[in-house]
Amino acid sequence: DERIDQLRRDSDQRWRRAIRDVIDAGASRGILSAPDPEGSTLRLASLQDGLAVQAVLGGAGLTPQSMAREWLIGVAHELALDAADLVERASLADSSSVGASGGT
C-alpha cells in the first residue's frame, strides 16, 4: 500500500532527522565526536531498527529497558562517549549489560 509506505518513509525521515540534529548539536558544543555525522545517523538508526526487530521477535530476550540500554551503548561507541556514564544518566544502569557490551 503506497499510503502506508509513505507514512513509514516519513516517520523514518523524522527519526533520522532527530538523530542528526542531536549529533550536530553535540558536535558543535564539543560534547561528542562525529567525524561522519551522516554515517553515524545511518548506523544509529539502523541499530535501533535492528534492536526493535529483535525485541518484537523475542529471540534476543530484550525488554524495552534493555533495548534502550543496548542502543545507548551503541550510541556511546559511535560518538566517542563513555557508555557507562551515558547509561547511568539515562537511569538504565545494569552493570552486566554495560560490561558485557564493552563498557566505554
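The buried residues of helix α2 pack against α1 and α3. In this predicted model, the α2 residues tucked away like that are Gly39, Ser40, Thr41, Leu44, Ala45, Gln48 and Leu51. As for the helix itself, α2 runs for 21 residues and spans 30 Å from its first C-alpha to its last, close to the 30 Å expected at 1.5 Å a residue. Just after α2 comes glycine 58, with a positive phi near 80°.

Let's zoom in on one of those buried residues. What does leucine 44 touch, once its neighbours within four places in sequence are set aside? Its contacts are Ile19, Ile23, Trp71, Gly74, Val75, Glu78 and Leu79.

**The nonpolar core**

Some of those names come back when you look at the largest nonpolar core, which has 18 residues. Ile19, Ile23, Leu44, Trp71 and Leu79 have the most contacts inside this core. Four helices give two or more residues to the core: α1 (2–28), α2 (37–57), α3 (64–78) and α4 (83–89). Which of the elements gives the most? That's α3, with six residues.

**Salt bridges along α1**

Now for the charged side chains. Side chains of opposite charge can pair when their charged atoms come close. How many salt bridges turn up in a search of the whole structure? The count is 11. Here are three of them, with their N to O distances:

| Salt bridge | Distance, N to O |
|---|---|
| Aspartate 5 and arginine 8 | 3.1 Å |
| Arginine 9 and aspartate 5 | 2.9 Å |
| Arginine 16 and aspartate 12 | 2.9 Å |

Aspartate 5 shows up in the table with arginine 8 and again with arginine 9. Why are these partners well placed along the chain? An α-helix has 3.6 residues a turn, so residues three or four places apart point the same way. Aspartate 5 and arginine 8 are three residues apart in helix α1, so about one helical turn separates them. Arginine 9 and aspartate 5 are four residues apart in α1, again about one turn of the helix. The spacing of arginine 16 and aspartate 12 is also four residues within α1, about one turn.

Are these side chains hidden away? Not quite: aspartate 5 is partly exposed, with a relative accessible area of 27%. Its partner arginine 8 is partly exposed too, at 47%, and arginine 9 is partly exposed at 32%. In the other pair, arginine 16 is partly exposed with a relative accessible area of 24%, and aspartate 12 counts as partly exposed at 22%.

Salt bridges can also join up into something bigger than a pair, and here Arg17, Arg20, Asp21, Asp24 and Glu38 are linked in a network of them.

**The largest pocket**

Last stop: the largest pocket, with a volume of about 310 Å³. Its lining is made up of 17 residues, and those nearest its centre are Val22, Leu32, Val75, Leu79 and Leu81. You have met Val75 and Leu79 already, as contacts of leucine 44. Which helices supply at least two residues each to the lining? They are α1, α3 and α4. The largest share of that lining comes from α1, with six residues.

How values were computed. Residues are numbered from 1 along each chain as its sequence is written. This is a predicted model: local features need pLDDT of at least 70, side-chain atom pairs count only at pLDDT 80 or more; totals for chains, interfaces and linings use all residues. Side-chain values use heavy atoms; hydrogens and water are left out. A nonpolar core is a set of buried Ala, Val, Leu, Ile, Met, Phe, Trp, Tyr and Cys residues joined through side-chain atoms within 4.5 Å. Buried means under 20% relative accessible area, exposed over 50%, partly exposed in between (1.4 Å probe, protein chains only). Contact means heavy atoms within 4.5 Å. The expected span of a helix is 1.5 Å times one less than its number of residues. A salt bridge is a side-chain nitrogen of Lys or Arg within 4 Å of a carboxyl oxygen of Asp or Glu. On a 1 Å grid over the protein atoms alone, a cavity is a set of points where a 1.4 Å probe fits but cannot get out, and a pocket is an open set with protein on both sides within 12 Å along at least five of seven lines; lining residues have an atom within 4 Å of a point. Grid points are joined across faces, edges and corners, and a volume is the space filled by probe spheres set on the points.
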